[in-house]
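User: Please take me through the fold, the pocket, the nonpolar core and the aromatic rings of the protein shown here.

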Amino acid sequence: EEGKQSTEPQTKYERSHLNRSLCLAYYGYNCLACGINLKDKYGDIARDFIHVHHLKPISESGINKPDPINDFVPLCPNCHAVAHLKNPPLTVEEIKQKLNMNGNSDFK
């Protein structure tokens, strides 16, 4: 069976829409790890779809004023999920290495 509802306490960390916008204005919408642009892959529906990854986990940094260019990077949902398979998260370079080791990267 599936679908049973449960309620659990959860800690959430606020994120700044401005920081996201500034990060994407600088880097654009290509994943910094694999190079994919989701608009190119899926069309206009995914035009502005990309995750913005905190290079230092927000849960460890507390309340601060991060630098949108030096503290964040755009990652596609797959690379972002892979980054968080480890604690601390994999770096962009580590993700690139894994992609290259497995012959899955056209991005240099």
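The questions and answers below concern a predicted model.

User: Which pattern does the protein follow when read along the sequence?

Analyst: The secondary structure comprises five helices and two strands. The C-alpha atoms fill a box of roughly 45 × 40 × 30 Å along the principal axes. Read along the sequence, the elements follow the pattern α-α-β-α-β-α-α.

User: Among contacts between residues at least 6 apart in sequence, what percentage join residues at least 24 apart?

Analyst: The protein has 108 residues, and 29% of them are buried. For contacts between residues at least 6 apart in sequence, the share that joins residues at least 24 apart is 62%.

User: Which element gives the largest share of the lining of the largest pocket?

Analyst: The largest pocket holds about 760 Å³ of space. Its lining has 29 residues, with Glu14, Arg15, His54, Ile58 and Phe72 nearest the centre. The elements that give two or more residues to this lining are α1 (17-27), β1 (51-54) and α3 (58-61). The largest share, four residues, comes from β1.

User: How many residues of the lining of the largest pocket are charged?

Analyst: The lining of the largest pocket can be divided by residue class, with ten residues nonpolar and 13 polar. The charged residues in that lining number six.

User: Which elements give two or more residues to the largest nonpolar core?

Analyst: In soluble globular proteins, nonpolar side chains tend to be buried together. The largest nonpolar core here has 16 residues, and those with the most contacts inside it are Cys31, Ala33, Leu75, Cys79 and Ile95. The elements that give two or more residues to this core are α1, β2 (72-75), α4 (77-83) and α5 (92-101).

User: Why is the arrangement of the Tyr26 and Tyr27 rings described as it is, and what is it called?

Analyst: A search of the whole structure finds one aromatic pair. The ring centres of Tyr26 and Tyr27 lie 4.8 Å apart, and their planes meet at 85°. Planes over 60 degrees apart meet the cut-off for this class. The pair of Tyr26 and Tyr27 is therefore edge-to-face.

User: Is Tyr26 buried or exposed?

Analyst: Tyr26 has a relative accessibility of 53%. The cut-off that applies is over 50%, so Tyr26 counts as exposed.

User: Which class of accessibility applies to Tyr27?

Analyst: The relative accessible area of Tyr27 is 27%. Buried requires under 20% and exposed over 50%, so Tyr27 is partly exposed.

Conventions:
Residues are numbered from 1 along each chain as its sequence is written. This is a predicted model: local features need pLDDT of at least 70, side-chain atom pairs count only at pLDDT 80 or more; totals for chains, interfaces and linings use all residues. Side-chain values use heavy atoms; hydrogens and water are left out. On a 1 Å grid over the protein atoms alone, a cavity is a set of points where a 1.4 Å probe fits but cannot get out, and a pocket is an open set with protein on both sides within 12 Å along at least five of seven lines; lining residues have an atom within 4 Å of a point. Grid points are joined across faces, edges and corners, and a volume is the space filled by probe spheres set on the points. Ala, Val, Leu, Ile, Met, Phe, Trp, Tyr, Cys and Pro count as nonpolar, Asp, Glu, Lys and Arg as charged, and the others, Gly among them, as polar. A nonpolar core is a set of buried Ala, Val, Leu, Ile, Met, Phe, Trp, Tyr and Cys residues joined through side-chain atoms within 4.5 Å. Buried means under 20% relative accessible area, exposed over 50%, partly exposed in between (1.4 Å probe, protein chains only). Rings of Phe, Tyr and Trp (its six-membered ring) pair if their centres lie within 6.5 Å; planes under 30 degrees apart count as stacked, over 60 as edge-to-face and the rest as tilted. Contact means heavy atoms within 4.5 Å.
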